[in-house]
Amino acid sequence: MTATPVSILWRRLDLEGHDGCLLSLTDSGHSLEGQAIFIQDDKPCCLAYRVDCDTGWRTQSARVDGFLGGNRLHHAIERDSDGRWMLNGEPQHDVTGLIDVDLGFTPASNLLAIRRFDLGIGATTPAPAAYLTFPRLELVRLEQTYRRLDETRYAYAAPLFGYDEILGVSPHGFVVDYPGLWTSGTGSG
């Protein structure tokens, strides 16, 4: 990846909404930061997020701030070097040992596993993640797999949701086609 930040804009397909994200280098690795705006349970929702990773794309922390209807939201996620996770200062034992965070309201966090594993064409890997559910906002273990089909497509499965589709991916690792959920409107990613 170049030192120049890259960005993307998604349009949500299952609900009214959009998400804009910026991927950039930091002193300690990489960051994804963006804002998702959509309708949830017939209420306006606006969530600003940031995920910080080390140089090997291992999640170090994530933050989500915003609102759902009239309720303000703030969630701080930390992962220590021993793989222990905290959500707003509370230990999250069910996700101990996992490396990636997956924010359940945005396609941005799929980039983390795609970049970290850097699969060769035809290779498959399990990629369990600490999944921040939404709108409930708790960390749970999400079993998922990625199989790289070619330069721009991955077979992706998340059995918990019965989801098994082919994702289109940009050269920077952003999912640009997330069937039934998101599509890229524009971006330099």
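**Note on a predicted, strand-rich model**

1. Buried residues make up 47% of the 189 residues in the protein. The model is predicted. The protein has 17 strands and 1 helix. Its radius of gyration is 15 Å, which agrees with the value near 16 Å for a compact globule of 189 residues. Along the principal axes, the C-alpha atoms fill a box of roughly 45 × 40 × 35 Å. Take the contacts between residues at least 6 apart in sequence: 43% of them join residues at least 24 apart.

2. Start at the N-terminal hairpin. Strand β1 covers residues 6–12, and its side chains alternate. Val 6, Ile 8, Trp 10 and Arg 12 point to one face and are buried. Ser 7, Leu 9 and Arg 11 point to the other face and are not buried. β1 pairs with β2 (residues 17–25) in the antiparallel sense, over 6 bridges. Ser 7 has Leu 22 of β2 as its bridge partner. The hairpin connection between β1 and β2 runs through 4 residues.

3. Next come β3 and β4. Strand β3 (residues 29–40) pairs with β4 over 12 bridges, again antiparallel. The two form a hairpin with 2 residues between them. Asp 41, in that turn, has a positive phi of about 50°. Glu 33 stands opposite Arg 50 of β4. Charge links the pair too: Glu 33, Arg 50 and Asp 52 belong to a network of salt bridges.

4. β4 also pairs with β5, in the antiparallel sense and over 9 bridges. Here Ala 48 stands opposite Asp 65 of β5. The hairpin of β4 and β5 has 4 residues between its strands. Trp 57 lies in this loop, between β4 (43–54) and β5 (59–68). Its phi is positive, near 70°. Is Trp 57 buried or exposed? Trp 57 counts as buried because its relative accessibility is 7%, below the 20% cut-off.

5. Two further residues deserve a look at the backbone. Most residues other than glycine have a negative phi, and most peptide bonds are trans. Asn 88 departs from the phi pattern, with a positive value near 50°. Asn 88 sits in the loop between β7 (85–87) and β8 (90–91). Its relative accessibility is 37%, so Asn 88 counts as partly exposed. The peptide bond from Phe 134 to Pro 135 is cis, with omega near 15°. Pro 135 is in the loop between β11 (129–132) and β12 (139–142).

6. The helix is α1, residues 110–117. Why call α1 largely enclosed by the rest of the structure? Because 6 of its 8 residues are buried. These are Asn 110, Leu 111, Leu 112, Ala 113, Ile 114 and Arg 115. Just after α1, Asp 118 takes a positive phi of about 45°.

7. Check Arg 79, in strand β6 (residues 71–79). Arg 79 is buried yet has no salt bridge. Which side chain of opposite charge is nearest to Arg 79? It is Asp 54, 5.1 Å away; a salt bridge would need a nitrogen within 4 Å of a carboxyl oxygen. The Arg 79 side chain does reach a backbone oxygen, that of Thr 59, at 2.6 Å. Beyond four places in sequence, Arg 79 touches Arg 58, Thr 59, Gln 60, Arg 84, Trp 85, Leu 98 and Ile 99.

8. Side chains of opposite charge can pair when their charged atoms come close. The structure holds 12 salt bridges. One of them joins Arg 63 and Asp 65 at 2.8 Å, N to O. Arg 63 is partly exposed, with a relative accessible area of 43%. Asp 65 is also partly exposed, at 26% relative accessibility.

9. Arg 84, listed above among the contacts of Arg 79, forms a salt bridge with Asp 82 at 3.3 Å, N to O. Arg 84 is partly exposed at 46%. Asp 82 is exposed at 54%. Arg 136 forms another salt bridge, with Glu 138; the closest N and O atoms are 2.9 Å apart. Arg 136 is exposed, with a relative accessible area of 66%. Glu 138 is partly exposed at 28%.

Key:
Residues numbered from 1 in each chain as written. Predicted model: local features only at pLDDT ≥ 70, side-chain atom pairs only at ≥ 80, totals over all residues. Heavy atoms only, no water. Buried < 20%, exposed > 50% of the residue type's maximum accessible area, 1.4 Å probe, protein only. Lys, Arg positive; Asp, Glu negative; His and termini not counted. Polar contact = N/O pair within 3.5 Å; in protein donor to acceptor, adjacent residues only side chain to side chain. Contact = heavy atoms within 4.5 Å. Pairing = 2+ DSSP bridges. Rg over C-alpha atoms; globule rule 2.2 N^0.38 Å.
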